[in-house]
Structure formats: structure tokens, C-alpha cells
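Good morning, everyone, and thank you for making time for this. I would like to walk slowly through the side-chain contacts in one protein model, so please bring up the sequence and the structure as we begin.

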Amino acid sequence: MEKQFLQYEKTAYYLKQAKLRLPANLEQVECGASRNLTKQQVALLAEGRYLHQGENALITGATELPGLRIRTPGLQGYKTVYLNMNRLIEKVTLSKLDGSYIKFLNHLERQTLVILDDFGQTPMTQEIRLTLLQLLEDRYSKKSIIITSQLPVAKWYE
């Protein structure tokens, strides 16, 4: 009983740290051919096996999944950080100004899962592109990243 309580406390703490914008659960996700999303795909994401293997996910199109993606790993007791791209740009810019950039990168590296939402909505400077490259290299085959975007991948280069 005490172990369950400690797990609940740990999960609550991680959910708070993730700074979830909107709560979501599996039942709220609309699946179907029009969304090119099946219940099986959502279930696989919710299982979180990819976290153990350091695999990444790229999700494009209209989705309400950011909350679900945080809640599921968070409920399993994994450290998760959710950042939309505007917030990432702000944090990188401020951390470079105040000298905490390396500390910020190290913080992201320690998280089991980093979720970058709304990718491609904001133009990226060379500085942000280099930060993303560093983040991807630091986590390669060790820890997971989920990137979501409303835009199709073909439009990212514009």
C-alpha cells in the first residue's frame, strides 16, 4: 500500500513538472480514417515501450495528443518535459542571455521523454536549429523525443 502511495506521489510530481497545458486521456482521442489514426496506434503510444528503447515519434496533423503523451508516461513514473516550440525558443534565448544554456541542455538530457509540440509553426534561427541538433544528438538511442506538428513534413523546409 505504501509503495502505491509513493508511486502516486512520484507520478503527481512528474505531471506537475511537465507543465501540461490541457488534460487528456485515451477516451478523448478521436480515431478514424479521416484522422489517419487508429486505436491501436494510440494504444502503442500509451504503452510507452518506445521509452525503454530510446525511440522517437513524429506525429503530424491535427491532434489533441500532447496531453495524452505526457499523461501516459507520467502515469508510469517517467520524467517528462513538454515544450511547444515558442516556449523552447524563449527558454533557449533566455538561457543564453543569463548563462544557463548548458544547465538547460543538461536538464533536457536527464528527462526520459521530451515532447516538442507545434514544430514548424515558428521560423527557426540558426541558434535554435543548432540547439535542436544538440538535443537530438544528446538523446540519440538513449532517450525519447516526440515531435508534433500541424504541418506535413514536406512543408517544414519552407
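Let me start with the rings: this is a predicted model, and the structure holds zero aromatic pairs. One ring does have a charged partner, however, since the charged end of Lys96 sits over the ring of Tyr101, at 4.2 Å from its centre.

Now, how many salt bridges does a search of the whole structure find? The search finds two, and I will take them in turn.

In one of them, the side chains of Glu90 and Arg87 meet, with a distance of 2.8 Å from N to O. If you look along helix H5, which covers residues 85–98, you will see that Glu90 and Arg87 are three residues apart, and so about one helical turn separates them. Glu90 counts as partly exposed because its relative accessibility is 41%, and Arg87 likewise counts as partly exposed, at 44%.

The other salt bridge joins the side chains of Glu127 and Lys96, at 3.8 Å from N to O. Here Glu127 belongs to helix H7, residues 126–139, while Lys96 belongs to helix H5, so this pair ties together parts that lie 31 residues apart in sequence.

Are Glu127 and Lys96 buried or exposed? The answer lies in between, for Glu127 is partly exposed at 33% relative accessibility, and Lys96 is partly exposed with a relative accessible area of 39%.

Before we finish, please return to Lys96, whose charged end sits over the ring of Tyr101 and whose side chain also meets that of Glu127 in a salt bridge.

Methods
Residues numbered from 1 in each chain as written. Predicted model: local features only at pLDDT ≥ 70, side-chain atom pairs only at ≥ 80, totals over all residues. Heavy atoms only, no water. Phe/Tyr/Trp six-rings, centres within 6.5 Å; stacked < 30°, edge-to-face > 60°. Lys NZ or Arg CZ within 6 Å of the ring centre and 35° of its normal. Salt bridge = Lys/Arg side-chain N within 4 Å of Asp/Glu carboxyl O. Helix = DSSP H or I, 4+ residues; strand = E, 2+ residues; numbered from the N terminus. Buried < 20%, exposed > 50% of the residue type's maximum accessible area, 1.4 Å probe, protein only.
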